[in-house]
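This report introduces a protein chain to a reader who is meeting it here without earlier acquaintance. Please look over the sequence and the structure before reading on.

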Amino acid sequence: MASEELAKKLQRRLRLEVATQDANGVTLASDSPRTEAGVDPEEKSVTNNADTELSAKLTRRLGINEGTTEPKQVKVFNPYTEFKEFSRKQIKDMEKMFKHYDSGKDGFIDLMELKLMMEKLGAPQTHLGLKNMIKEVDEDFDGKLNFREFLLIFHKAAAGELEEDSGLLALARLSEIDVSTEGVQGAKHFFEAKVQALTTGSKFEAEIKAEQEQRKRMEEDKKQRRAAFKELKAAFQ
């Protein structure tokens, strides 16, 4: 209640100051600027803005105390409810990895820390490649990764939303965190499917190569037959 009384007193004081300024001709129309003697108009404007901002904050606080204004809801990030496709152990492992490479201990992995991570994982990236990696999951556009954005890397990898040449896919594959074995929604065997796709692609390439080799042999046989026919024809002539 003491805070309410203080807020009301401050509001009354502000209103009295504004009324006094109006009575003394300090508050003037914008088309005919006049100032008090010795008062910088720019400084006066800053002061008025600060008073208005303080008044708005006090009014909001009074509204919250009286129950007429809803307080702002702060959204708390819960990885276990937002990333339900991962087990608690997987999220704990990701958190451990995140904290390990967050050398600044500020809750973010910046460009240099990501560079070190990729080097340790055996997949070094160029400066541009690192920036593109961050850009793929940087939802707040601050140029670094928070823990939620770090989890998005594994989420996108498990869902098959990353390109084959993506540095993020390399990060997910080379880490010791297996996101393909425990109930990943819609992509439980994502990495196995990727391996199978690569194997199928290799077989397809092998078949094409075999056909090309066969055509090459047929062309060679054809040339040899032509050469033999020319020799035989020359012998008769």
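## The nonpolar core

In this predicted model, the largest nonpolar core holds 32 residues, and those that touch the most other members are Met97, Leu114, Met117, Phe150, Phe154 and Leu171. At least two residues of this core come from each of helix H4 (88–101), helix H5 (111–120), helix H6 (127–137), helix H7 (147–158) and helix H8 (167–174), and H7 gives the most, with seven residues.

Once its neighbours within four places in sequence are set aside, Met97 is in contact with Met117, Leu121, Phe150, Phe154, Leu171, Ser175 and Ile177.

## The chain as a whole

The chain is built with nine helices and zero strands, and its elements, read from the N terminus on, run α-α-α-α-α-α-α-α-α. Of its 237 residues, 26% are buried, while the chain exposes about 17,200 Å², of which carbon and sulfur atoms supply 54%.

Where contacts join residues at least 6 apart in sequence, 51% of them link residues at least 24 apart.

## How H5 meets H6

The axes of H5 and H6 come within 10 Å and cross at roughly 105 degrees, which means that H5 is roughly perpendicular to H6. On the side of H5 the contact is made by Leu111, Leu114, Lys115 and Met118, and on the side of H6 by His127, Leu130, Lys131, Met133 and Ile134. Sorted by class, the contact of H5 with H6 has six nonpolar residues, one polar residue and two charged residues.

Technical notes. Residues are numbered from 1 along each chain as its sequence is written. This is a predicted model: local features need pLDDT of at least 70, side-chain atom pairs count only at pLDDT 80 or more; totals for chains, interfaces and linings use all residues. Side-chain values use heavy atoms; hydrogens and water are left out. A nonpolar core is a set of buried Ala, Val, Leu, Ile, Met, Phe, Trp, Tyr and Cys residues joined through side-chain atoms within 4.5 Å. Buried means under 20% relative accessible area, exposed over 50%, partly exposed in between (1.4 Å probe, protein chains only). Helices (H or I, at least four residues) and strands (E, at least two) are DSSP runs, numbered from the N terminus. Contact means heavy atoms within 4.5 Å. Accessible areas come from the Shrake-Rupley method with a 1.4 Å probe; for residues, only the protein chains shown count as cover. Axes are lines fitted to C-alpha atoms, for helices over the stretch in contact, and angles run from 0 to 180 degrees between N-to-C directions. Angles under 35 degrees count as roughly parallel, over 145 as roughly antiparallel, 65 to 115 as roughly perpendicular and the rest as oblique. Ala, Val, Leu, Ile, Met, Phe, Trp, Tyr, Cys and Pro count as nonpolar, Asp, Glu, Lys and Arg as charged, and the others, Gly among them, as polar.
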